[in-house]
Amino acid sequence: MVRIQSWNVNGIRASVKSGHFQAWLESSAPDIAGIQEAKATPAQVEDVWSDRGYQAFWHPAQRAGYSGALLLTRTPPNTVTLGIGIERFDDEGRVIQADYDDFTVITAYFPNAGRGEDRMLYKLDFFHAFLEHCNALRAAGKSVIFMGDLNVAHNEIDLARPEEALKGTGFLPVEREQVDAIIEHGYVDTFRALHPDTRDAYTFWDPWRDRRARNIGWRIDYVFVSEDLSHRVTDAFIEPDVMSSDH
């Protein structure tokens with residue numbers, strides 16, 4: 001049994017300083033943890049994982065205090081790759097890939113399109129490039145698991161206020177089509193596969209007007225597996241009581 005978890009921590013320095021991150025590692029005890037939006041470099045964060053048996057791999061963004069990915073793993077991977085080989089995406093520190101004997105794990109922080117047309121185009125380009133990358137891994141015979149903040153709610157069941165969401169980004173048809181494409185290419189949304197009708201299950205809450213306390217949220221964080229691994233998934237869950245981030 002391997003426990004794989006994903007968390008957009010929205011600034012790991014603050015989470016470690018408050019002790020929330022250490023508490024999560026102790027209580028959840030993932031074997032592999034994909035962290036997004038770390039917003040830090042290794043030198044800026046106290047190492048609170050080595051003593052707990054984790055090896056850390058970082059992919060910071062070139063821009064200080066922005067984006068960034070971190071992978072923690074108790075089992076040493078065979079190889080680790082930072083990015084997907086496209087400079088304009090990799091400069092933002094969005095992807096870490098770890099190859100193990102039986103599967104490949106990727107933690108990914110997908111772009112937010114909330115800052116104008118250019119960023120929407122960037123987001124859509126990233127989706128296309130990332131899917132091509134995963135498909136290439138599968139064509140090479142690898143079983144793929146990828147997790148992270150996709151910055152898209154797939155269907156109405158995945159957010160509390162669909163009509164309100166359409167006024168911004170994150171639930172636009174063109175964004176939702178990207179998740180459709182992922183599924184059409186043979187990847188399984190593990191949470192929705194095991195909980196097809198579950199409502200009010202969210203992973204992100206806008207801090208505005210205390211929406212987390214009222215559970216007015218979005219499910220924009222996912223763990224996908226290639227179809228050949230779906231029979232090995234025994235559980236998929238959300239931990240809404242884990243604090244220190246808006247996810």
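The points below go through two sheets, the helices that pack on them, and one buried aspartate.

1. The model is a predicted one, and the description that follows should be read with that in mind. One of its sheets is open and has six strands with mixed pairing, and their order across the sheet is E5-E6-E7-E8-E10-E9. Strand E5 (79-82) and E9 stand at the edges with a single partner strand each, so one side of each has no neighbour in the sheet. On average, and with direction ignored, neighbouring strands of this sheet are turned by 20° against each other.

2. At the E5 edge, four bridges join E5 to strand E6 (residues 95-99), and the two strands run antiparallel; within this part of the sheet, Leu82 is found opposite Ile96 in E6. Helix H4 packs on the sheet, where it touches E6, strand E7 (104-109), E8, E9 and E10, and its direction makes about 175° with that of E7.

3. Towards the E9 edge, E10 deserves attention, since it pairs with E8 in the antiparallel sense over five bridges and is also joined to E9 by three bridges, again running antiparallel. Val223 in E10 is the bridge partner of Met147, while Val225 in E10 is the bridge partner of Val188. Five of the six residues of E10 are buried, so this strand is largely enclosed by the rest of the structure.

4. Helix H6 (residues 173-184) has 12 residues and reaches 16 Å from its first C-alpha to its last, which is close to the 16 Å expected at 1.5 Å a residue. Its buried residues are Glu175, Gln178, Val179 and Ile182. Seen down the axis of H6, these buried residues fall within an arc of 90°, so they line one face of the helix. This pattern can be read against a general rule: an α-helix has 3.6 residues a turn, so residues three or four places apart point the same way.

5. The surroundings of H6 fit into the picture of the sheet. Its buried residues are covered by elements that include helix H4 (117-139), E8, strand E9 (187-189) and strand E10 (221-226), whereas the face turned away from the buried side carries the exposed residues Pro173 and Glu184. Just after H6, Gly186 takes a positive phi of about 100°.

6. A further open sheet has four strands in the order E1-E2-E4-E3, with mixed pairing. Its edge strands are strand E1 (4-8) and strand E3 (55-59), each of which pairs on one side only, and the twist averages 15° from one strand to the next. Within this sheet, strand E2 (residues 32-36) and strand E4 (residues 69-73) run antiparallel and are joined by five bridges, with Gln36 opposite Ala69 in E4. Helix H2 (residues 20-28) lies across E1, E2 and E4, and runs at about 160° to E1.

7. Where is Asp158 placed, and is this residue buried or exposed? Asp158 lies in the loop between strand E8 (144-149) and helix H5 (162-165), and with a relative accessible area of 1% it is buried. Its side chain is joined to that of Arg192 by a polar contact of 2.6 Å. When the neighbours within four places in sequence are left aside, Asp158 is in contact with Ala153, Arg192, Tyr202, Trp218 and Arg219.

Terms used
Residues are numbered from 1 along each chain as its sequence is written. This is a predicted model: local features need pLDDT of at least 70, side-chain atom pairs count only at pLDDT 80 or more; totals for chains, interfaces and linings use all residues. Side-chain values use heavy atoms; hydrogens and water are left out. Buried means under 20% relative accessible area, exposed over 50%, partly exposed in between (1.4 Å probe, protein chains only). A polar contact is a pair of N or O atoms within 3.5 Å; within protein, one must be able to donate a hydrogen and the other to accept it, and residues adjacent in sequence count only if both atoms are side-chain atoms. Contact means heavy atoms within 4.5 Å. The expected span of a helix is 1.5 Å times one less than its number of residues. The arc is that of the directions from the helix axis to the C-beta atoms. Two strands pair if DSSP finds at least two bridges between them. Axes are lines fitted to C-alpha atoms, for helices over the stretch in contact, and angles run from 0 to 180 degrees between N-to-C directions.
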